[in-house]
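Biologist: I am new to this structure and would like to be led through its interior with some care. Could we take it one question at a time?

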Amino acid sequence: MTLKNIFNSKFLVAGMLALTLASCSEKEVPVAPNGFDRDDVTIAHQFGKNLVGRVTVDGVPRQGVVVSDGVNVEVTDEKGEYQMYSTRQHVFVSVPEDCEVPVLDGLPRFYKVLNFSVDAKIQRDFNLKSSPKKTEWTLMAIADPQIGNDQDVSDFSNIILPDFSEFVKPIHENLYGITLGDIVWNKPELFSTYKTLIGRSSVPTFSVIGNHDHNESVKNDTESDADYRNVLGPTYYSVNIGDYHMVVLDDVLYSGVDGRNDYANTITQEQLDWLKKDLSYVSRDKGLIVALHIPTARWNKLNNLTNTQALYDLIKDFDNVQILSGHAHNQSTVAISDNMTEYNFAAAMGAYWYPLCSDGTPRGYGMLKFKGNKLADMKYKSVGFPDEYQMKIYAPEDAVLSKPTGNVGDPFDQILVNVFAWYPKWTVEIQEDGGAWKTLSNVQAQDPDVRKCLVYDEDDKKWYIPSTHNGAQIATTNHMFLYKPSSTWKSVTVRATDPFGNVYTSSLDNKK
């Protein structure tokens, strides 16, 4: 049997997509018939400068605001004005901490479109609105929606987004989202569909570009992301929220010469140069978020980009750094240093629209709560499950499928626990039949539920997770735990405590 003939089983989740549109703070800006933002030219261009603009807050010119086109990084003067020579498609403002992030059609709109083929000289103003500095705020992280056909769009809108909208209901304010790349599955015509759907979620959601967000028919990095830019804006930028500076980067250097997977895991020197200039205006006691698609580090590969260290060197002096990534379709968290942690989130589409990811983590999304310049809480939310569902316990007759490393008894007589978001700062304990709590150590293993679902593809002689797309293969992970109970055990309870003090419990009864 080939993957082309495999039926894709799915969990159905009830709920309706929230239709509340986010407030729009940029509707008053006129848009030309050709679709480009236009401002009246009122600032005299200096010699050699083709782009000028003014930044106001509540109508008052603001000095010291960072404005960039991705190459130039300028700061507004006492008149709130900036000038530069640009050849780029967008100019964006690094929104100050005491201003609202502008929102248009439900998405953050911190940028303006440039078109020098229409106008030789352009003025782009940013009219911001003041807002009290946020002492606490929440960021929702969605990795790898990867919509590629009508069924994917239906699943995203009828399964993922209703769960997402229900989860964020109690979070009434100071709420943002970010989609961590692979927004579409090599279908650039679906960017507009995604934009419409996510724009209805009531969560202003930033975007990151992924490898599948490039146009595979264009064989270079510079133009293969044009479809993304035309709909979702610049591929790298920065913004300030509360005591955090958030930077979005593009770490996919796409060529496409040998197919859609022909790309390098790297950050271009142009971006690194821009980032160095951008961060020169940010106090090192700020918290820093770096969002990108391909992880810089995973539990089994600490140097995942060709120039990982070059990035780390630019961000290592900030007090608290959280790196957010996707791409792998399974969960991994790495404490890179005392002040730097990477959260590599499992995919919203699971293993290519199978409801489990390749490590057994259910498809879902992340929630990060910030207080001051620190991360105060982080939770992974599994779609279709309660908020507290953070692990699964397998009885020995199921756990035998996990193929754990180490000295395993024969016949297999151990319980396996998959704690989805675990990393070494968690504590995992087990209690048998109401007895004493015992601390467990993690092992490397595969998830039994994923092993059960694997199907063999006769074409390439490999085992795959069933899906409507090219199949994903099972992953070995490090967030597994083994426990050998007594021969007379009746029940076990597992208690997992995360670094933020959240305690999750789950129990399993012996059915034999």
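Modeller: What follows is a short set of questions and answers about this predicted model.

Biologist: Which helix gives the most residues to the largest nonpolar core?

Modeller: The largest nonpolar core has 138 residues, and those with the most contacts inside it include I178, F206 and I315. Apart from it lies another core, of eight residues, L416 and M480 among them. As for the largest core, the helix that gives the most to it, with eight residues, is α1 (residues 150-168).

Biologist: Do the buried residues of helix α6 lie on the same side or on opposite sides of it?

Modeller: Helix α6 spans residues 308-315, and its buried residues are T308, L311, Y312 and I315. An α-helix has 3.6 residues a turn, so residues three or four places apart point the same way. Because the buried residues of α6 cover an arc of only 100 degrees around the axis, they lie on the same side.

Biologist: Against which elements do the buried residues of α6 pack?

Modeller: One of these residues, I315, touches L279, L288, V290, V321, I323 and M340, when residues up to four places away in sequence are not counted. Taken together, the buried residues of α6 pack against α5 (269-279), β19 (287-291), β20 (320-325), β21 (332-337) and β22 (340-344).

Biologist: Is S94 buried or exposed?

Modeller: S94 lies in the loop between β6 (90-93) and β7 (103-104), and its side chain makes a polar contact of 3.4 Å with the side chain of N240. Since buried means under 20% relative accessible area, and the value for S94 is 6%, S94 is buried.

Note on methods. Residues numbered from 1 in each chain as written. Predicted model: local features only at pLDDT ≥ 70, side-chain atom pairs only at ≥ 80, totals over all residues. Heavy atoms only, no water. Core = buried A, V, L, I, M, F, W, Y, C linked by side-chain atoms within 4.5 Å. Buried < 20%, exposed > 50% of the residue type's maximum accessible area, 1.4 Å probe, protein only. Helix = DSSP H or I, 4+ residues; strand = E, 2+ residues; numbered from the N terminus. Contact = heavy atoms within 4.5 Å. Arc of directions from axis to C-beta. Polar contact = N/O pair within 3.5 Å; in protein donor to acceptor, adjacent residues only side chain to side chain.
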